[in-house]
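Let's take a walk through this structure together. Have the sequence and the 3D view open side by side as you read.

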Amino acid sequence: MNDTKAPARPWLRAALALSGWPALAATQLPDGAPPRWIPVLLFVLLGPGCALLLPLPRGLRPAARLEALALAAPLSLSLATLAATALFLVRGFSATVFLTSLAAFCTVVAPLPALPLPAATRGAVERRPRRTKRVKPAAGDGR
């Protein structure tokens, strides 16, 4: 028997792993065209953060899902800032190198397990409501 579990939502992991490459390909379109900057903007804003935080385990409350989405953008922008700063420091910044480094990061990180979320560790897993027992009044209670 094989005890290894299949990764959760493999299609989502594959989409996140490949998300940067269409954004990089879009840079070949004419300057200023919306089909060029929209995919790049969306990828830089959400791609690396989603690759680190998704897919979430099943059964999380909406608060944990919202937390992941709220953290994806700042995390992505932080990683983009670190990558851009490093490229500027080595005098190697260009849009192509910048997007290639972020796309490669997403490709490597997406198949790995997602980062744990604080809400998920604080009991954000949905619980079934407990059934309460009805308390029968005592015989001499008079109610």
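C50 counts as buried, because its relative accessibility is 12%. Keep in mind as we go that this is a predicted model. You may wonder how far the sulfur of C50 is from the closest cysteine sulfur. That closest sulfur belongs to C106 and lies 8.8 Å away, too far for a bond. A disulfide calls for two cysteine sulfur atoms within 2.5 Å, and C106 is likewise in no disulfide. C106 is buried as well, with a relative accessible area of 0%. Searching the whole structure gives zero disulfides.

Both of these cysteines lead us to a leucine. L16 touches C50 and C106, along with A51, L54 and A110, leaving aside residues up to four places away in sequence. L16 also belongs to the largest nonpolar core, which has 26 residues. Together with L16, the residues with the most contacts inside that core are F43, V44, L54, F98, L99 and L102. Which elements give two or more residues to this core? They are α1 (10-18), α2 (20-26), α3 (34-53), α4 (62-89) and α5 (95-109).

Let's follow α4 for a while. This helix has 28 residues and reaches 41 Å from its first C-alpha to its last, close to the 40 Å expected at 1.5 Å a residue. Along the way α4 bends by about 30° at A72, and a proline, P74, follows within four residues. The buried residues of α4 are A64, E67, A68, A72, A73, S76, A80, A83, A84 and L87. Just after the helix, R91 takes a positive phi of about 55°.

Two serines in α4 are worth a stop. S76 lies in this helix, and is S76 buried or exposed? S76 is buried, because its relative accessible area is 0%. When residues up to four places away in sequence are not counted, S76 touches V44, L45, L46, G47, P48, G49 and C50. So the list of contacts brings us back to C50, the buried cysteine at 12% relative accessibility where we began. S78 also has its place in α4, but S78 is partly exposed, with a relative accessible area of 40%. The C-alpha atoms of S78 and L45 are separated by 9.6 Å, while the two residues are 33 residues apart along the chain.

Our last stop is the aromatic rings. A pair of aromatic rings is described by the distance of the centres and the angle of the planes. The structure holds two such pairs. In one of them, the rings of F88 and F93 have their centres 4.5 Å apart and their planes at 10°, so this pair is stacked. F93 also pairs with F98, and here the arrangement is tilted, with 5.7 Å centre to centre and 45° between the planes. F88, F93 and F98 therefore make up one aromatic cluster, in which F93 takes part in the stacked pair and the tilted one.

How do these three rings stand with respect to burial? F88 is exposed, with a relative accessible area of 54%. F93 counts as partly exposed at 36% relative accessibility. F98 counts as buried at 12%, and F98 is also among the residues with the most contacts inside the largest nonpolar core.

Note on methods: Residues are numbered from 1 along each chain as its sequence is written. This is a predicted model: local features need pLDDT of at least 70, side-chain atom pairs count only at pLDDT 80 or more; totals for chains, interfaces and linings use all residues. Side-chain values use heavy atoms; hydrogens and water are left out. A nonpolar core is a set of buried Ala, Val, Leu, Ile, Met, Phe, Trp, Tyr and Cys residues joined through side-chain atoms within 4.5 Å. Buried means under 20% relative accessible area, exposed over 50%, partly exposed in between (1.4 Å probe, protein chains only). Contact means heavy atoms within 4.5 Å. The expected span of a helix is 1.5 Å times one less than its number of residues. The bend at a residue is the angle between axes fitted to the seven residues ending there and the seven starting there. Rings of Phe, Tyr and Trp (its six-membered ring) pair if their centres lie within 6.5 Å; planes under 30 degrees apart count as stacked, over 60 as edge-to-face and the rest as tilted.
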